[in-house]
Amino acid sequence: MDDAPTSDAVSGPATPSGDAPPTPPLVGAAAGSPQRPTTAGGLRESLWQFVRFCLVGGSGVIVNLAVFTLVLLVWLLVSGHIHSASGLLSSVHSLVVKKDTQGVPAAAAYVANAAGFVVSVMTNYYLNRRWTFRSTKDIGAELPKFFTVSVVAYGGQLAIFWLLREQAHIAPIPSQLIAIVFVMPINFIANKLWSFR
């Protein structure tokens, strides 16, 4: 009588224990290994990074303008130009509307500009590291790069601020806001390609 083939004969030679041989490991996409992103996927991710960068930048603009305005108001208060709540409101209105704000010399405006820059750089670095680029690299190597990009961007921002304030005779706060918006795309590209790479 012929013996019917067993399941071992069908599945391949038996191992010493009598079990079927192990299945060879899957390779590539079948194994669930990450694939290189397609061009469209990479572009989409870069776009979302830019959106996150702009949102972080927006928060940085708020921080920058808040510090900028606070420093100028403290200057006006210390120099005796603000005596009441109505004087405070009038000073804020002047900072938004007037180019020649009484009691605010150019030096005070540039000190306020620098203070806004430094504080916003630190908040922007933290948020971009944690959220925009989701970096886990060493802060000691990353922060100097981010700060360098920020200083170069600040140079451009300061030049635009000077042109708007001194040449176009635009009030301090709008000048600061326009200058910040102008350098943002350049800042993003430099940080994406260098600081957080």
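**Close-up 1. The lining of the largest cavity in this predicted model.** Twenty residues, written here as 20, line the largest cavity, and among them Ser 120, Asn 124, Gln 157, Ile 180 and Asn 187 lie nearest its centre. The volume of this cavity is about 270 Å³, and the count of cavities of 30 Å³ or more comes to 1. By residue type, the lining divides into 11 nonpolar and 9 polar residues, with no charged residue.

**Close-up 2. The helices that supply the cavity lining.** At least two lining residues come from each of H2, helix H4 (106–132), helix H5 (139–167) and H6, and the largest share, 6 residues, is that of H2.

**Close-up 3. Helix H3 (residues 85–97) and its two faces.** Helix H3 has 13 residues and reaches 18 Å from its first C-alpha to its last, which is close to the 18 Å expected at 1.5 Å a residue. Its buried residues are Gly 87, Ser 91, Ser 94 and Leu 95; seen down the axis of H3, these buried residues fall within an arc of 100°, and so they line one face of the helix. They pack against helix H2 (39–78) and helix H6 (172–195), whereas the face of H3 turned away from the buried side carries the exposed residues Ala 85, Ser 86, Leu 89 and Val 97.

**Close-up 4. Phe 182 in helix H6.** Phe 182, which lies in helix H6, counts as exposed because its relative accessibility is 55%, the cut-off for exposed being over 50%. Phe 182 and Ile 160 stand 22 residues apart in sequence, and their C-alpha atoms are 8.4 Å apart in space.

Methods: Residues are numbered from 1 along each chain as its sequence is written. This is a predicted model: local features need pLDDT of at least 70, side-chain atom pairs count only at pLDDT 80 or more; totals for chains, interfaces and linings use all residues. Side-chain values use heavy atoms; hydrogens and water are left out. Helices (H or I, at least four residues) and strands (E, at least two) are DSSP runs, numbered from the N terminus. The expected span of a helix is 1.5 Å times one less than its number of residues. Buried means under 20% relative accessible area, exposed over 50%, partly exposed in between (1.4 Å probe, protein chains only). The arc is that of the directions from the helix axis to the C-beta atoms. Contact means heavy atoms within 4.5 Å. On a 1 Å grid over the protein atoms alone, a cavity is a set of points where a 1.4 Å probe fits but cannot get out, and a pocket is an open set with protein on both sides within 12 Å along at least five of seven lines; lining residues have an atom within 4 Å of a point. Grid points are joined across faces, edges and corners, and a volume is the space filled by probe spheres set on the points. Ala, Val, Leu, Ile, Met, Phe, Trp, Tyr, Cys and Pro count as nonpolar, Asp, Glu, Lys and Arg as charged, and the others, Gly among them, as polar.
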